[in-house]
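Got the viewer open? Here is a short walk through the model, one selection at a time.

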Amino acid sequence: MRHRPVIGITTQNLHAIDGIPEGLPQSWMMNQRYILAATNAGGIPWMVPLLEDSTALRAIYDRLDGILLPGGVDLDPATFGERPTAKCGRLDPARDQIELQLTRWAMEDGKPLLGLCRGIQVMNVACGGNLYQDLESEFPDSIKHDYFPTAGYARDYLAHAVELEPGSRLQKSMERPVMTVNSMHHQGIKQLASALVPTAWAPDGLIEGVESEDDHFMVGVQWHPEMFEASDSGTRRLFREFIEAAGS
């Protein structure tokens with residue numbers, strides 16, 4: 001790498017999280033694990049605020065070498081032309097707007113993108129795809145995907161296997177045909193956008209990995225690899241390849 005690349009990591013509204021008292025100040029925040037994973041791989045993290053000022057947002061974007069889209073609350077179904085069902089969870093429309101815009105700019109410019117859990121869903125919607133609002137109620141024969149910490153599961157709990165597409169960027173990074181992943185989501189890709197290629201599948205057939213159809217580093221996974229960056233060589237390689245792409 002010519003330099004340590006600057007990696008934009010999007011934030012979320014504190015009050016979009018369940019259980020946050022209304023009296024706390026309005027704040028933008030993000031789990032440290034995403035920041036540490038990007039830093040350990042050689043990047044310089046830059047937390048991106050959810051600004052309404054599009055000129056300021058573009059100025060931030062122009063200073064970034066790569067974008068990491070973290071996990072978080074549900075994507076607003078309005079972003080893919082639907083109304084929320086009763087099973088749809090907490091929403092953060094300001095975050096949706098910022099992440100979709102950053103993703104579209106990055107696609108236009110070929111700027112490296114890495115999407116984790118919610119991030120893969122943002123990529124799909126930004127490219128014109130849509131989502132299941134709730135897998136259990138909308139996806140026949142779905143396995144359990146919602147191993148949430150709020151239900152007592154550790155964030156590194158290995159929930160199910162995923163099959164990786166041979167020869168894909170993701171499979172080459174992981175250096176294995178099948179891997180076991182954690183799982184903290186209840187939404188998922190329904191109709192895959194035509195600009196994306198599927199690269200990983202859960203046992204029930206749900207798409208859990210995507211990448212661009214060209215050389216643009218645009219990789220999304222439905223699990224939370226930031227939890228394994230320090231312990232799994234394939235996951236560490238994926239983060240390093242993202243940072244190397246951003247640095248070149």
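**Stop one: helix α7**

Start by selecting α7 and colouring its buried residues (buried is under 20% relative accessible area, exposed over 50%, partly exposed in between, with a 1.4 Å probe and protein chains only): Gly234, Thr235, Leu238, Phe239, Phe242, Ile243, Ala246 and Gly247. Before going on, note that this is a predicted model, where local features need pLDDT of at least 70 and side-chain atom pairs count only at pLDDT 80 or more, while totals for chains, interfaces and linings use all residues. Residues are numbered from 1 along each chain as its sequence is written, and side-chain values use heavy atoms, with hydrogens and water left out.

The helix runs over residues 233-247, 15 residues in total, and spans 21 Å from first C-alpha to last, close to the 21 Å expected at 1.5 Å a residue; that expected span is 1.5 Å times one less than the number of residues. Helices (H or I, at least four residues) and strands (E, at least two) are DSSP runs, numbered from the N terminus.

Now show what the buried residues of α7 pack against: β1 (6-10), α1 (32-40), β5 (66-69), β6 (113-116), α6 (169-174) and β13 (218-221). At the N-terminal end of α7, zoom in on Asp232, the cap, which has a side-chain oxygen 3.3 Å from the backbone nitrogen of Gly234.

**Stop two: charged pairs**

Where does Arg237 of α7 take us? Arg237 meets Glu175 in a salt bridge (a side-chain nitrogen of Lys or Arg within 4 Å of a carboxyl oxygen of Asp or Glu), with the closest N and O atoms 3.5 Å apart. Glu175 sits in the loop between α6 and β9 (178-181) and Arg237 in helix α7, so this pair ties together parts 62 residues apart in sequence. Glu175 is exposed at 59% relative accessible area, and Arg237 is partly exposed at 24%.

Next, pick Arg95, Asp96, Glu99 and Arg118, which salt bridges with shared partners join into one network. Within that group, the Glu99 and Arg118 side chains come to 3.0 Å, N to O. Glu99 belongs to helix α3 (residues 93-109) and Arg118 to helix α4 (residues 118-126), so the bridge connects parts 19 residues apart in sequence. Glu99 is buried at 0% relative accessible area, and Arg118 is buried at 1%. Across the structure there are eleven salt bridges.

**Stop three: the cores**

Which residues have the most contacts inside the largest nonpolar core? Select Ile67, Leu102 and Leu113, from a core of 30 residues. A nonpolar core here is a set of buried Ala, Val, Leu, Ile, Met, Phe, Trp, Tyr and Cys residues joined through side-chain atoms within 4.5 Å. Among the elements that each supply at least two residues of this core are α2 (54-62), β5 and β12 (207-212). Apart from this core lies another, of 27 residues, including Ala41, Val162, Leu170 and Phe242.

**Last stop: rings**

Rings of Phe, Tyr and Trp (its six-membered ring) pair if their centres lie within 6.5 Å, with planes under 30 degrees apart counted as stacked, over 60 as edge-to-face and the rest as tilted. The count comes to six aromatic pairs. Try Tyr61 and Trp105, a tilted pair at 5.3 Å centre to centre and 50° between the planes. Tyr61 is in helix α2 and Trp105 in helix α3, 44 residues apart, and both residues are buried.

Then return to α7 for Phe242, which forms a tilted pair with Phe217 at 5.8 Å and 35°. Finish on Tyr147, Tyr153 and Tyr157, a cluster linked by ring pairs.

Key
Contact means heavy atoms within 4.5 Å. A polar contact is a pair of N or O atoms within 3.5 Å; within protein, one must be able to donate a hydrogen and the other to accept it, and residues adjacent in sequence count only if both atoms are side-chain atoms.
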